[in-house]
Number of protein chains: 2
Amino acid sequence: MATGRTHRPATRSRGIPEATVARLPLYLRALTALSERSVPTVSSEELAAAAGVNSAKLRKDFSYLGSYGTRGVGYDVEYLVYQISRELGLTQDWPVVIVGIGNLGAALANYGGFASRGFRVAALIDADPAMAGKPVAGIPVQHTDDLEKIIKNNGVSIGVIATPAGAAQQVCDRLVAAGVTSILNFAPTVLSVPDGVDVRKVDLSIELQILAFHEQRKAGEETAVGDGALPAATGRGVAAGDSADQGPDGDVPAVMPA
Amino acid sequence: MATGRTHRPATRSRGIPEATVARLPLYLRALTALSERSVPTVSSEELAAAAGVNSAKLRKDFSYLGSYGTRGVGYDVEYLVYQISRELGLTQDWPVVIVGIGNLGAALANYGGFASRGFRVAALIDADPAMAGKPVAGIPVQHTDDLEKIIKNNGVSIGVIATPAGAAQQVCDRLVAAGVTSILNFAPTVLSVPDGVDVRKVDLSIELQILAFHEQRKAGEETAVGDGALPAATGRGVAAGDSADQGPDGDVPAVMPA
DNA sequence: ATGTCTTTGTGAACGCGTGCACAAAGATGG
DNA sequence: CCATCTTTGTGCACGCGTTCACAAAGACAT
């Protein structure tokens with residue numbers, strides 16, 4: 001994962017592998033686009049291309065759901081949209097709360113992708129009293145004091161944490177205590193939760209660091225032949241293969257801010 | 001993944017598995033926290049707990065970097081911070097451009113996590129002429145017309161796409177043509193890029209859908225006892241025992257335990 | 001009906017990632 | 001110097017995920 005999960009020993013799902021579950025939304029999106037263009041059927045090859053995966057993988061993924069295709073023809077788009085939606089639990093409406101209405105929280109509240117696919121922003125919660133009552137994305141922000149009440153009144157089971165790292169664990173604990181069993185965490189912290197609670201993490205700086213690793217590797221690919229052990233601060237390869245990438249700032253010593 | 005990856009057949013990295021690379025930022029963060037508390041050394045057990053992983057996994061991960069620990073003692077925090085930073089390419093400063101300064105783009109521009117760890121927001125780019133010149137997070141927004149010039153003048157190799165889905169591929173193409181070789185994509189689309197370009201995807205609605213799947217499974221866990229095989233069509237009551245799977249989008253109250 | 005053609009569904013092989021369990025290595029104390 | 005204790009580094013086995021390759025299944029034409 002790209003993004004990763006926290007804990008959760010094995011895929012206890014009745015049959016559907018976790019990797020497959022992670023791809024179902026991808027297929028669903030591609031299928032929805034086809035549906036809007038009124039395409040009646042699609043082959044595994046075409047759909048796989050649209051979703052950016054291998055066609056054999058796609059077929060195997062679908063085989064876990066059942067035999068929904070027709071040999072020689074392909075898959076019925078509408079039917080498949082329904083089956084995947086049902087499998088993912090999107091035929092019901094999930095109320096979601098967003099905690100931490102800073103820049104990111106506000107962006108999430110405004111994000112259309114929520115409402116469009118089975119999710120509904122039930123409430124926005126922030127610890128800042130000055131935010132209370134202020135509407136964001138048409139929804140008034142409520143104060144953290146009422147968190148438990150909000151969760152219970154709306155039957156919320158999915159929470160989004162967009163607070164600073166320092167507040168995340170505390171918010172998480174309160175969400176879980178109030179009945180939330182799935183958490184999407186944007187704060188750069190490792191959350192600890194009791195068994196039975198799912199946490200998924202989205203971490204911008206981690207993603208960038210992974211890109212930086214590959215970027216560095218690309219830049220030093222020709223020169224790094226037998227690096228052996230640890231050439232310390234020597235590996236300053238220049239000249240990348242083709243495009244003019246070049247070093248941003250020539251030589252930077254071991255800078256490691258904060 | 002939270003998140004997934006796009007393409008990239010195999011780990012061509014000289015020795016370091018992709019899964020390990022994805023965890024290095026996690027270790028680095030935990031180590032940085034220890035460093036700030038002036039902790040001199042840390043055992044694999046302690047560090048693993050802080051990073052939320054298995055200690056054996058952590059030791060194996062570090063073994064790919066070299067033998068940086070001392071048996072009977074543990075790892076030197078400062079030294080390890082440096083080694084991981086170097087491995088990830090964070091000892092140099094990576095200029096990054098953010099394209100699409102909507103709610104999300106602005107949030108990213110304001111996100112402290114960028115600057116704090118080796119990344120620098122070199123420019124903000126948006127297609128809306130009304131945005132041009134307007135400062136966001138202290139940086140004036142520039143128009144898309146100047147994209148190529150900005151990339152080249154700043155030696156940017158990492159780009160962040162925070163545009164609407166419809167514009168993403170076009171922006172991506174221009175970024176790549178201008179020399180960008182790593183892309184962090186927030187737009188809900190599958191980007192196609194030439195070989196040699198890395199794409200990482202962060203998709204909020206996909207993460208939520210995965211959570212919804214597990215949430216639904218949890219809700220129907222008690223009733224799902226003897227499922228047997230998949231009864232093809234008329235597939236009813238497989239897993240989601242209680243919840244009304246038929247209702248497209250009624251006001252199904254999100255029933256939740258306790 | 002029969003044959004051909006397309007596409008699914010899946011058995012099987014392979015490779016990666018994970019976790020156990022332990023030997024090797026060094027610290028520490030007598 | 002030797003014994004003991006702690007913790008690393010890793011060989012090994014196992015399970016998951018991916019991919020290949022092909023037989024089975026259906027559509028379609030003759």
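**Briefing: DNA strand D and an annotated site in chain A**

DNA strand D has 26 residues around it, and Arg23(A), Lys57(A), Arg71(A), Ser44(B) and Tyr75(B) come nearest. The model is predicted. Two topics follow: the surface near the strand, and a site that UniProt places in chain A.

**Surface near DNA strand D**
- The residues of this surface divide into 10 polar, 9 charged and 7 nonpolar.
- α3(A) gives the largest share, with 4 residues.
- At least two residues each come from α1 (18–36) and α3 (55–65) of chain A, and from α3 (55–65), β3 (69–70) and β4 (74–76) of chain B.
- Of the strand's atoms within 4 Å of the protein, 63% are in sugar or phosphate, and the rest are in bases.

**Polar atoms beside the strand**
- Arg23(A) places a polar side-chain atom 2.8 Å from a phosphate oxygen of DNA strand D.
- Lys57(A) has a side-chain N or O atom 3.4 Å from a phosphate oxygen of the strand.
- Arg71(A) has a polar side-chain atom 2.7 Å from a base nitrogen of the strand.

**Annotated site in chain A**
- An unreviewed UniProt entry gives the feature "binding site" at Gly100(A), Ile101(A), Gly102(A), Asn103(A), Leu104(A) and Gly105(A).
- From this set, Leu104(A) is part of the lining of the largest cavity.
- Gly102(A) sits in the loop between β4 (94–99) and α5 (103–110) of chain A.
- Gly102(A) counts as partly exposed because its relative accessibility is 37%.
- Gly105(A) belongs to helix α5 of chain A.
- Gly105(A) counts as buried, because its relative accessibility is 0%.
- Neighbours within four places in sequence aside, Gly105(A) contacts Ile98(A), Gly100(A) and Ala162(A).

Terms used
Residues are numbered from 1 along each chain as its sequence is written. Chains are lettered from A and ligands numbered from 1 in the order in which they are written. This is a predicted model: local features need pLDDT of at least 70, side-chain atom pairs count only at pLDDT 80 or more; totals for chains, interfaces and linings use all residues. Side-chain values use heavy atoms; hydrogens and water are left out. A residue is near a molecule or strand if one of its heavy atoms lies within 4 Å of it. A polar contact is a pair of N or O atoms within 3.5 Å; within protein, one must be able to donate a hydrogen and the other to accept it, and residues adjacent in sequence count only if both atoms are side-chain atoms. Ala, Val, Leu, Ile, Met, Phe, Trp, Tyr, Cys and Pro count as nonpolar, Asp, Glu, Lys and Arg as charged, and the others, Gly among them, as polar. UniProt positions are given in the numbering used here, feature names are shortened, and annotations may be inferred rather than shown by experiment. On a 1 Å grid over the protein atoms alone, a cavity is a set of points where a 1.4 Å probe fits but cannot get out, and a pocket is an open set with protein on both sides within 12 Å along at least five of seven lines; lining residues have an atom within 4 Å of a point. Buried means under 20% relative accessible area, exposed over 50%, partly exposed in between (1.4 Å probe, protein chains only). Contact means heavy atoms within 4.5 Å.
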